[in-house]
Amino acid sequence: MTKTRMENRMEQVEGSVELLQEAVAATKLGQDQSRAELEQRFSRLESMIASLVKGKGTAEVGVSSGQTPEQQFQLNTSANKAISRPLLLEDAFSMAKKMEMPDFDGTDPVGCVARSEQFFEIQNIPEETKVPLALVSMEGAPLHWLRWLRQRNPLLTWE
């Protein structure tokens, strides 16, 4: 017996619905895996923060005598959450100095290159992103010159 047009369409719709259900299931699985990875990263971050404050005095991080900051941090009590965690995060963030790429307007090119190289070293900037980053920090004539140079040589490196 031949299928009617409506039956063919229903089979197509059912097939599409099955594909969508599989895609939703795959997306949920991906989200679960991402969530687990984020939880692992967060746990490692907490451990790193705890190890950063190991050298601090116990009064500064709310640690009772006889316990290391890491032990106190991992107790995960409500007192620990209320006292230690904000201080740990605050200490870690205060240790990292916020730096910006120096601007360059054409004056003191040698100094600008030296400051830029120091910035690249401290921030661990990959070689392939140094020129685009320098381009963002330029103003006026140097900006136009570097854009012109990159158009002529797309593989331009910092060296």
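1. Helices here are DSSP runs of at least four residues, numbered from the N terminus. By that assignment Ser116 sits in helix H5. The model is a predicted one, and the points below should be read as comments on that prediction.

2. Ser116 has a relative accessibility of 2% and therefore counts as buried, the cut-off for that class being under 20%. Apart from neighbours within four places in sequence, Ser116 contacts Met101, Pro102 and Trp158.

3. Two aromatic pairs are present in the structure. One of them joins Phe120 and Trp158 in an edge-to-face arrangement, with 4.9 Å from centre to centre and 90° between the planes. Phe120 belongs to helix H5 (residues 109–123), while Trp158 lies in the segment after H7; the two are 38 residues apart, and the pair thus links distant parts of the chain. Both partners are buried. Phe119 joins Phe120 and Trp158 in one aromatic cluster.

4. The surroundings of Phe120 deserve a separate entry. With neighbours within four places in sequence left aside, Phe120 touches Met101, Ile125, Lys130, Leu133 and Trp158. Trp158 is also among the contacts of Ser116, as is Met101.

5. The largest nonpolar core has six residues: Met101, Phe119, Phe120, Val131, Ala134 and Trp158. H5 and H6 are the elements that contribute two or more residues to this core. There is also a second, separate core of five residues, including Phe104, Cys112, Leu135 and Met138. The aromatic cluster of Phe119, Phe120 and Trp158 falls within the six-residue core.

6. On helix packing: two packed helices are described by the angle between their axes and the distance between the axes. For helix H6 (residues 127–136) and helix H7 (residues 140–152), the axes come within 9 Å and cross at roughly 145°. The crossing is left-handed. H6 makes the contact through Val131, Pro132, Ala134 and Leu135, and H7 through Leu143, Leu146, Arg147 and Arg150. Sorted by class, these are six nonpolar, no polar and two charged residues.

7. The H6 side of that contact can be set beside the cores. Val131 and Ala134, both in the contact with H7, are also members of the largest nonpolar core. Leu135, another H6 residue in the contact, is instead listed in the second, separate core.

Conventions. Residues are numbered from 1 along each chain as its sequence is written. This is a predicted model: local features need pLDDT of at least 70, side-chain atom pairs count only at pLDDT 80 or more; totals for chains, interfaces and linings use all residues. Side-chain values use heavy atoms; hydrogens and water are left out. Axes are lines fitted to C-alpha atoms, for helices over the stretch in contact, and angles run from 0 to 180 degrees between N-to-C directions. A crossing is left-handed if the near helix is turned anticlockwise from the far one by less than a right angle, and right-handed if clockwise. Contact means heavy atoms within 4.5 Å. Ala, Val, Leu, Ile, Met, Phe, Trp, Tyr, Cys and Pro count as nonpolar, Asp, Glu, Lys and Arg as charged, and the others, Gly among them, as polar. Rings of Phe, Tyr and Trp (its six-membered ring) pair if their centres lie within 6.5 Å; planes under 30 degrees apart count as stacked, over 60 as edge-to-face and the rest as tilted. Buried means under 20% relative accessible area, exposed over 50%, partly exposed in between (1.4 Å probe, protein chains only). A nonpolar core is a set of buried Ala, Val, Leu, Ile, Met, Phe, Trp, Tyr and Cys residues joined through side-chain atoms within 4.5 Å.
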